[in-house]
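Subject: Structure handover

Hi there,

Here is the structure I promised to pass on to you. Could you open it alongside this message and follow along?

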Amino acid sequence: MIKVANLNVSYGAVKALRDVSFEAPSGAITAVLGANGAGKTTLLRTISALVEPQSGQIFLDERNLVGMRPEAIARLGVAHVPEGRGVIGEFTVDENLRLGAIAHKVTLAEGIAEQFELFPILKERRKQYAATLSGGERQMLAVARAMIAQPTVLLLDEPSLGLAPKVTFDIMTTIRQLCESRKLTVLLVEQNAKSALRIADFATVLHVGTAIASRPAAEVAADDSLREYYLGMPSS
Ligand code: ATP
C-alpha cells in the first residue's frame with residue numbers, strides 16, 4: 001500500500017500541499033479528486049520524486065520513498081502516467097512502446113506483445129505516429145507504455161483530460177480491469193469526479209492543498225456537501 005503522512009510541498013511562496021495524509025490500499029483504486037490547483041499533480045509528482053517535499057513521508061509498504069531518486073522509485077514498481085500523456089508524437093505506437101521496454105529492460109517482444117493483448121486497438125495502430133492517434137488511443141498508449149515495466153503501482157494523472165464522455169467511460173473501465181487483473185495499486189488523479197468515483201474503491205478530496213476527506217468512494221459519492229462544494233457534482 002501507499003501511505004502518505006503529513007506531506008508538505010511548496011513552490012517558493014506557494015504552498016501546494018499542506019500536511020496531506022491518506023492511505024491508498026494495495027490492489028485498489030484510490031481516486032484523488034479536487035478542483036484546479038488543488039495539488040493533485042503535485043501529489044503524484046512528489047510520490048515519483050519529481051518534486052521534493054519540505055517535510056512528510058511517503059511509504060510504499062514499509063519503505064519511505066522520500067529522499068530516493070525517481071529511477072529508484074520506478075525500479076520499485078511505481079509507474080507514472082503524466083498529465084498530457086507524455087507519449088512522443090513523432091514516434092509510432094510501436095516505437096513508443098519499444099522506448100518503454102528499453103527504459104525498463106523488459107524483453108522487447110514479450111513486453112510489447114502483452115500490451116497488444118491488453119490494448120488490441122494499439123496493435124491495429126502500431127505503425128501510426130502517436131501524434132495522429134485520437135485522444136483516447138493516446139491515453140491507452142501512455143498506459144500501455146507504463147504497463148510494460150510490469151508495475152505494482154500505477155500513478156495516473158487526469159486520464160480523462162480532453163476526452164469525450166464515451167471515451168472517458170471506456171478508459172476508466174480499462175483502468176478498473178487492469179487493476180483487477182494485475183492486482184495493481186492505482187492512484188487516479190481526476191478533476192472528473194463522477195467518472196473516477198464510478199471505478200474507484202477509495203477517494204481522497206484535496207482542497208487548496210489540504211486533504212479534506214479520505215473515505216470509501218461510495219461514501220464520497222453519497223456525500224452531498226463534498227459533491228456540491230468540492231467536486232462540482234450536483235446533489236443526487
Ligand atoms: P490541475 O487540475 O489544474 O492540474 P492540480 O490539482 O493538479 O491542478 P497542481 O498542479 O498540483 O494542482 O498545483 C497546485 C498549486 O501549486 C497551484 O497553485 C499551482 O499554481 C502551484 N504550482 C504547481 N506547479 C508549480 C510550479 N512548478 N511552480 C510554481 N507553482 C506551481
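Below is what I found, starting with the ligand and moving on to the sheets.

One thing to keep in mind from the start: this is a predicted model.

**The ligand and its surroundings**

The shell around the ligand has 14 residues, and those that come nearest are Asn 36, Gly 37, Lys 40, Thr 41 and Thr 42. By type, the shell divides into five nonpolar, six polar and three charged residues.

Which elements supply at least two residues each to this shell? They are β2 (14-24) and α1 (40-47). Of the contributors, α1 gives the most, with three residues.

You may like the polar contacts to oxygen atoms of the ligand:

- Asn 36 places a polar side-chain atom 2.7 Å from a ligand oxygen.
- Gly 37 takes part through its backbone, with a polar atom 2.8 Å from an oxygen of the ligand.
- Gln 191 has a polar side-chain atom at 3.2 Å from a ligand oxygen.

On its own, the ligand has 640 Å² of accessible area, and the protein covers 61% of that.

**The four-stranded sheet**

β2, which we met at the ligand, also belongs to an open sheet of four strands. Their order is β2-β1-β4-β5, with antiparallel pairing. β2 and β5 (63-64) are the edge strands, each pairing on one side only. At the β5 end, β4 (residues 55-60) is joined to β5 by two bridges, the two strands running antiparallel. Phe 59 has Asn 64 of β5 as its bridge partner.

**The six-stranded sheet**

There is also an open sheet of six strands, in the order β6-β7-β8-β3-β9-β10, and here the pairing is mixed. Its edges are β6 (78-81) and β10 (210-216), each of which pairs on one side only. On average, neighbouring strands of this sheet are turned by 15° against each other, direction ignored.

How many bridges join β3 to β8? There are five, between β3 (residues 29-33) and β8 (residues 185-190), and these strands run parallel. Within this pair, Ile 29 stands opposite Val 186 of β8.

Finally, a helix packs onto this part of the model: α6 (residues 135-147) lies across β6 and β7 (153-157), and α6 runs at about 165° to β6.

If you start with one place, try the ligand oxygens and their contacts with Asn 36, Gly 37 and Gln 191.

Happy exploring, and do write back with any questions!

Best wishes

Methods. Residues numbered from 1 in each chain as written. Predicted model: local features only at pLDDT ≥ 70, side-chain atom pairs only at ≥ 80, totals over all residues. Heavy atoms only, no water. Near = heavy atom within 4 Å. Polar contact = N/O pair within 3.5 Å; in protein donor to acceptor, adjacent residues only side chain to side chain. Areas by Shrake-Rupley, 256 points an atom, 1.4 Å probe, with all protein chains shown as cover. Nonpolar A, V, L, I, M, F, W, Y, C, P; charged D, E, K, R; others polar. Pairing = 2+ DSSP bridges. Axes fitted to C-alpha atoms, helices over the stretch in contact; angles between N-to-C directions. Contact = heavy atoms within 4.5 Å.
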